[in-house]
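Trainee: I'm used to gels and assays, not ribbons. Could you walk me through reading this one?

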There are 2 protein chains.
Amino acid sequence: MVLKNMPVGEIIIIGDEILGGEVLDTNSFDVAKELAEAGFSIARMTAIGDEPAAIKRALREAIVQADFVVITGGLGPTWDDKTVKAVSEELSRPLERNQEAYNHLQAVLAKAGRPFLPGHEKMVILPKGSKPLGIAYRACGFKLEYQGKPLYFLPGVPHQMRQILKEKVLADLKVHFPDVTPVYKKVLRIFGLSETEMQEKIAPILAKFKEIKVSSLPRFPEVHLVLRGKNKETVEKMAREVKATLGISVFGEDEETLPAVVGKLLLKQGFKLATAESLTGGLIGHLLTQVPGSSAYFDRGAITYSNQSKIEILAVPKEVIDQHGPVSEPTARYMAEGVRKLAQTQIGLAVTGYAGPTGGPEAPVGTVFVGLCVEDKTEVKRFQFQGTREEIKLLTAFHALDTLRRHLLS
Amino acid sequence: MVLKNMPVGEIIIIGDEILGGEVLDTNSFDVAKELAEAGFSIARMTAIGDEPAAIKRALREAIVQADFVVITGGLGPTWDDKTVKAVSEELSRPLERNQEAYNHLQAVLAKAGRPFLPGHEKMVILPKGSKPLGIAYRACGFKLEYQGKPLYFLPGVPHQMRQILKEKVLADLKVHFPDVTPVYKKVLRIFGLSETEMQEKIAPILAKFKEIKVSSLPRFPEVHLVLRGKNKETVEKMAREVKATLGISVFGEDEETLPAVVGKLLLKQGFKLATAESLTGGLIGHLLTQVPGSSAYFDRGAITYSNQSKIEILAVPKEVIDQHGPVSEPTARYMAEGVRKLAQTQIGLAVTGYAGPTGGPEAPVGTVFVGLCVEDKTEVKRFQFQGTREEIKLLTAFHALDTLRRHLLS
C-alpha cells in the first residue's frame, strides 16, 4: 500500500536455506509489519541466496527504487556468509576493522566469559562508514548511508533481527523521515458471504471513499475486509457504512474471533452452552475453549462419534438412527435436544455429517446437519460442503457457531 | 543447493497484504520446498503489491533470468486482484473469455448449487493462449508459455495453491525439463526431545554421512529432522541409524501424524478409545478425527469443562474434586476410568489442567495431568508447561496422545 509522500522501503532476505525451501522466512513479515505500523510502506521484498552476484544486484536495484532498504542475513562468522564483502564491493566502501563493532563484540563476549577468538575477527570487519547497530547479541548488524539513503543490515536469526529492528532501526528511520505518521487500520471480519457477493454489495461504498485503501483477504473460512487510511474518522465512517450494508455477515472487528463473539453474546444474555459433535470430533469445543474465560458459558460437550454413543449419551432413539441414518435432520434434532437436557443448559448445539473421504447410504460426503436447541425450540439446518476432510470439519464448526450467533442476535 | 545444468526458477508473490505485514507469506516457502524436492532450484523470490507496474516489472525481470516462473496471488474476483490484466499487457496477450476456464467454473459452481454471477466473469477472462490449471476450486490458475519458458499463475490461497502446484505444476515442469531428477528426502518426526538433545545424540551420525544434507526444523510441538540426498539407499541407511539412536522419540516418518500413528497402533491391537477432556476442550478428539477412518477406533469423547459435568458424565466423586481440586492426580484418574466405563472401551484417555491465563488454588497455570486407563490399569502423569493458552492446549493434546503411543509400544 503506497500512500502519497510516504517513504518507500525494500526488504532483502539473504540465505540459501530460504530458497532451498528448508526454512520458512518470517523476517520479511516481521519487518513489514513493524514498518507498516510505524507508517512506512514496503514496495518489494526479495529473497536471494548467499551468492555475491545476487546480493550486489539486489542491493543495486533496491537503492534505485527505494528510499531505504532493510537487509537481513549473511552476517555470521562462517564462510558461507557473504553479505559484507558483496556490499563493500558494490558500494565501493573498503572493508576495515570497525572499532565500535570491535568494542561491542569484546564487551558481549566478556560478559559471557568468552575470549575474542580469531574466528570473531570477520564479524568486526565492516565497510568503511558503517555504523554498528549493536545491542545484546554478538551479531550486531550495521547501517550505511548511500546516496543519502539509509541501508540497514541485520542478522538473519529472527529474534535478534526483531530486537535490533525495534530498538535501533525504527528510531533511526524516524530521524530520517520525521513526517511519517502511523496509518489507521480497521479489519471487518465476515462469514457466510463469498468474496464475490461481498464485492457486489459494497461497490458503491468503495467508489465513495476513494482515499481509503481497501483489501479483501480470504482467511478460510472467513473473509477479512481491511480498510486503511491516514484519517481515523474517515476509516471509521466507511467501516460503519460497510457494516450497515453487509449486516449480520460482519461478525467482528480487528482481532475478534467468531468463538469470542459468540462467547460475548452468551455472557451478555446469561446463557450456558453444551455441544454435541459427531464429524467435527471436538473441534467446536476446541474453538470455544481457545477463548480465555470460556468456562463462564461453555459447560460441556459430547463427542458422539459412534452411533451407540449418540444413543447412550444423548438419548437419540435407536429407531431414529435406524430409520433416517446418523446424518439426518431428526438425528441432529435429537442430538441438540439431548445434550441440552444432559447439561441442563439453555442451549444445545449439535452437528452430524460426513467429513469424508466417503459418505453414507443416507447422504453423500459433505452433507452436514446443524441442530440448535434454545430452551424449548429447535431448528435444524442442512448444508452441503465441498473440500477436504479438514475443510469440511472447519466449515461445519464455523457454520454451527455462526448459526448460534445469528440466533442470539435475532 | 544449485547443481550443474539444473533449470532455475523464480517465484513471484503478489499481494498488498504481504507487503503490508498483515499476512505471513507461506506460499514462497511451499513452492520452494516442493520444487527442491522435485530437483529444481530457485534463484530468487520476489514479493510485490497488487500494483500493475510492479507486477509487470517483476515478471519482465524474472523471464530474463529464469527458466521458469511460478507466480501466486492476485487472481481473485475482486477489484484489488490485478495480476491477469498486468500479465496480458506485459506479454502482449489480449484478454479473452477462456472457454475451458468458463466450463471449469460453471462446473464447480453447479456442484455447490451456486449460480454463475456477473462477478464471476472476471475469473474466466484470461490472456490469450492461457491453459487453465483447474482442479476442485473456483480459482483455477493458468499457465502461459513465453519465449519457450513456462509461467505458472496460481491463486494465493495457500491450500488451493499447494494443491494445484502438486497436481498440475510439478507434472508440467517434468514435461518441460525431463532430465531433472528428484532429491530423495526422508523426514523423521520427533516428539518429546528438544532440538539440542537430539543434536547431541546424533552428532556422530551426522559426521559419518557427509553427503547427506540434514536440517532440523522445529514444528511446534514436534521437531522434524529432514535428510536429503541424491542416493536413496544412503539416506535410508542414515535414517535407520538415527532412529536406532533416538529410539521411541521418533514417532513417525514423512507425512505420518501423531494421531495417525496412534490410530494405526489401536487398530492393530484391536483397541477402542474414549477420551475425557477438560482444558483441551475437544482438541484431542479433533486431532484423532482428522484421520480418515478414525471411527474404527475412536468411539466417543466427553468434553467435561465444568466440574459438574465431570461428576455427572464421568462419575468423578464430588469429594475428590472438593478435596484435591479439578486439576489433580485423583481427578485425572477418575476421569480416565470414568470415560472408559461409560464407553465400554478398552482404553480411556483423560486430561485436566490450567491452560491459562490463570491457574487455580490447587495448581498454577500450565499444570496438566494426563490419565491413561488401559483395561484395569491406570497411570497418571503430571506436566508443567509454559506458553500461551493455545500452546498449552496443544502440548497437552500431544503429550496425551504420545503417552498412549508409548504405552501401546511397550
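**Strands, helices and a shared contact**

Mentor: Let's start with a single pair: Lys186(A) has Leu227(A) as its bridge partner in strand 11 of chain A. Keep in mind that this is a predicted model, where local features need pLDDT of at least 70, side-chain atom pairs count only at pLDDT 80 or more, and totals for chains, interfaces and linings use all residues. Residues are numbered from 1 along each chain as its sequence is written, while chains are lettered from A and ligands numbered from 1 in the order in which they are written.

Trainee: How many bridges join strand 9 of chain A to strand 11 of chain A?

Mentor: Two strands pair if DSSP finds at least two bridges between them. Here strand 9 (184-190) and strand 11 (222-229) of chain A are joined by 7 bridges and run antiparallel. Strands (E, at least two residues) and helices (H or I, at least four) are DSSP runs, numbered from the N terminus.

Trainee: In what order do the strands of that open sheet come?

Mentor: Read across the sheet, not along the sequence. The 4 strands of this open sheet in chain A go 10-11-9-12, with antiparallel pairing. Strand 10 (213-219) and strand 12 (250-253) of chain A are the edges, each pairing on one side only. From one strand to the next, the twist averages 25°.

Trainee: Which strands of chain A does helix 7 touch?

Mentor: Contact is a distance test: C-beta atoms, placed from the backbone, within 7 Å. Helix 7 (195-208) of chain A packs on the sheet and touches strand 9, strand 10 and strand 11 of chain A, its direction making about 170° with that of strand 10. Helix 8 (232-246) of chain A lies across strand 9, strand 11 and strand 12 of chain A, at about 10° to strand 9. Angles run from 0 to 180 degrees between N-to-C directions, with axes fitted to C-alpha atoms, for helices over the stretch in contact.

Trainee: At what angle do helix 11 and helix 13 of chain A pack?

Mentor: At about 45°, with the axes of helix 11 (307-314) and helix 13 (329-343) of chain A 9 Å apart. So helix 11 of chain A is oblique to helix 13 of chain A (under 35 degrees is roughly parallel, over 145 roughly antiparallel, 65 to 115 roughly perpendicular, the rest oblique). Lys310(A), Ile313(A) and Leu314(A) of helix 11 meet residues of helix 13 including Tyr334(A), Met335(A) and Leu342(A).

Trainee: Which strands are the edges of the sheet of 10 strands?

Mentor: Follow the order 17(A)-16(A)-15(A)-13(A)-14(A)-14(B)-13(B)-15(B)-16(B)-17(B), an open sheet with mixed pairing. Strand 17 (377-384) of chain A and strand 17 (377-384) of chain B are the edges. Direction ignored, neighbouring strands are turned by 10° on average. Within chain B, strand 15 (347-353) and strand 16 (367-374) run antiparallel over 7 bridges, and Ala350(B) stands opposite Gly371(B) in strand 16.

Trainee: How many residues does the contact take from chain B and from chain A?

Mentor: It takes 66 residues from chain B and 61 from chain A. Strand 14 of chain B gives the most to chain B's side, with 7 residues. That side has 30 nonpolar, 24 polar and 12 charged residues (nonpolar: Ala, Val, Leu, Ile, Met, Phe, Trp, Tyr, Cys, Pro; charged: Asp, Glu, Lys, Arg; polar: the others, Gly among them). Strand 2 (41-48) of chain A also pairs with strand 2 of chain B, antiparallel over 5 bridges, and Thr46(A) has Thr46(B) as bridge partner there.

How values were computed. Contact = placed C-beta atoms within 7 Å.
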